[in-house]
Amino acid sequence: MDIVGALRTFLRVAQTGSFTAAAADLDLTQPAVSRQVSALEARLGVRLLHRTTVALALTAEGERLIPMALRVIEAVEALGESAGTGEAVVAGKVRLSLPAPLGLALAEHLPELLARHPGLSVDLLLREAPSDLVGEGIDLEVRLGPVEDSSLTGRRIGWTTAFLVAAPCYLARRSAPVRPEEVPRHDCICYARAGDGRLWSFSDGADETRLRIAPRLTADSAVAIHRATLAGGGLAILSHILAGPDIAAGRLVSLMPDFPPARLPITLVYPSRRNLPQRVKAVMEFVVDAVRGDAMMG
């Protein structure tokens with residue numbers, strides 16, 4: 001029995017909650033996945049999953065096995081990557097979660113990374129809220145703002161730059177705000193990501209003003225907020241990645257330049273691991289270089 005292979009299969013079943021989904025992800029048949037999990041249970045002498053006709057659920061033993069299985073697989077990967085010629089080999093899949101604007105920007109450069117490492121593949125997830133990294137098998141995630149989960153390892157890699165913007169057609173109907181206290185009187189479009197998207201913060205470099213917004217429109221997608229703002233829906237705070245080209249082209253107007261939105265830390269987080277696989281390190285450095293290469297995130 002390939003114990004490492006069985007552990008990988010068990011983790012995918014636990015992460016997807018389905019033998020069928022795990023089989024598709026692993027390029028195996030559903031019966032093969034089921035046999036591997038059953039063999040692992042027989043080898044360990046415990047039941048890892050509760051099986052019903054409609055769902056799967058981890059047993060207490062299955063829950064306890066997940067972190068141990070991750071450590072075993074990481075140790076095997078680290079050994080395999082450093083074996084042979086003595087040079088690390090970058091190969092395998094990396095699951096990378098990013099806020100949508102940054103993810104869309106990085107997607108343009110990912111082919112360069114994949115060309116350098118033919119054995120590498122990346123599963124790019126565009127997420128507006130923090131993920132369960134261990135439960136979903138996510139290797140790396142970029143988070144904006146404070147990171148509350150102390151169980152994760154975090155690496156500060158930059159700071160956000162955002163603009164308060166509106167379309168010219170909206171400003172033709174409403175006078176542009178010149179001070180933060182005027183903003184709540186406008187139609188506002190809020191980005192409901194993790195945290196309180198209805199609390200907007202502006203800074204003049206010395207003091208920070210925090211405002212409670214009663215939005216006319218709320219969305220959990222930065223791309224949706226961007227499009228609604230272009231259509232004249234109201235004021236919005238948008239990342240420079242989305243707003244920059246439109247400001248330059250006159251499709252959006254940057255408002256209150258003396259009171260820009262407060263900057264948020266950009267943090268790369270990953271499960272606490274002593275030995276990161278080379279595939280994860282390669283993607284990590286790619287993300288770090290991309291963020292630090294953008295002067296507006298420095």
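**Figure 1. A close-up of T229, a residue in helix α9 (residues 222–230).** This legend and the ones that follow describe a predicted model. Is T229 buried or exposed? With a relative accessible area of 0%, T229 is buried. Leaving out residues up to four places away in sequence, T229 touches V165, A166, A167, I189, G234, A236, L238 and L252.

**Figure 2. The whole chain, as a guide to the close-ups.** Let us step back for a moment to see where these views belong. The chain holds eleven helices and 14 strands. Its C-alpha trace spans about 70 × 50 × 30 Å along the principal axes. The chain has 298 residues, and 43% of them count as buried. Among contacts with a separation of 6 or more, 72% join residues that are 24 or more positions apart.

**Figure 3. Helix α1 (residues 3–16) packs with helix α2 (residues 19–26).** The axes of these two helices are 8 Å apart, and the packing angle is about 125°. That angle makes α1 oblique to α2. Which hand does the crossing of α1 and α2 have? The crossing is right-handed. On the α1 side, look for T9, R12, V13 and T16; they meet F19, A21, A22, D25 and L26 in α2. By type, the residues of this contact divide into five nonpolar, two polar and two charged.

**Figure 4. Helix α2 meets helix α3 (residues 30–44).** Here the axes of α2 and α3 come within 8 Å and cross at roughly 105°. The two helices are therefore roughly perpendicular to each other. Which residues make the contact? From α2 come F19, T20, A22 and A23, and from α3 come Q30, V33, S34 and V37. The contact of α2 with α3 has five nonpolar residues, three polar ones and no charged ones. Some names may look familiar from the previous view: F19 and A22 of α2 take part in the contact with α1, and F19 and A22 also belong to the contact with α3.

**Figure 5. A close-up of M284 in helix α11 (residues 278–292).** M284 counts as buried, at 5% relative accessibility. What does M284 contact, once its neighbours within four places in sequence are left aside? The partners are L140, R155, L268, Y270 and L276. One of them, L268, is 16 residues from M284 along the chain, and the C-alpha atoms of the two are separated by 8.1 Å.

**Figure 6. Cysteines C169, C188 and C190, in a structure where a search finds zero disulfides.** A disulfide calls for two cysteine sulfur atoms within 2.5 Å. Why does C190 have no such partner? The closest cysteine sulfur to that of C190 is in C188, and the two are 6.3 Å from each other, too far for a bond. For C169, too, the closest cysteine sulfur is in C188, but here the distance is 15 Å, again too far for a bond. As for their surroundings, C190 counts as buried at 1% relative accessibility, whereas C169 is partly exposed, with a relative accessible area of 38%.

How values were computed: Residues are numbered from 1 along each chain as its sequence is written. This is a predicted model: local features need pLDDT of at least 70, side-chain atom pairs count only at pLDDT 80 or more; totals for chains, interfaces and linings use all residues. Side-chain values use heavy atoms; hydrogens and water are left out. Axes are lines fitted to C-alpha atoms, for helices over the stretch in contact, and angles run from 0 to 180 degrees between N-to-C directions. Helices (H or I, at least four residues) and strands (E, at least two) are DSSP runs, numbered from the N terminus. Angles under 35 degrees count as roughly parallel, over 145 as roughly antiparallel, 65 to 115 as roughly perpendicular and the rest as oblique. A crossing is left-handed if the near helix is turned anticlockwise from the far one by less than a right angle, and right-handed if clockwise. Contact means heavy atoms within 4.5 Å. Ala, Val, Leu, Ile, Met, Phe, Trp, Tyr, Cys and Pro count as nonpolar, Asp, Glu, Lys and Arg as charged, and the others, Gly among them, as polar. Buried means under 20% relative accessible area, exposed over 50%, partly exposed in between (1.4 Å probe, protein chains only).
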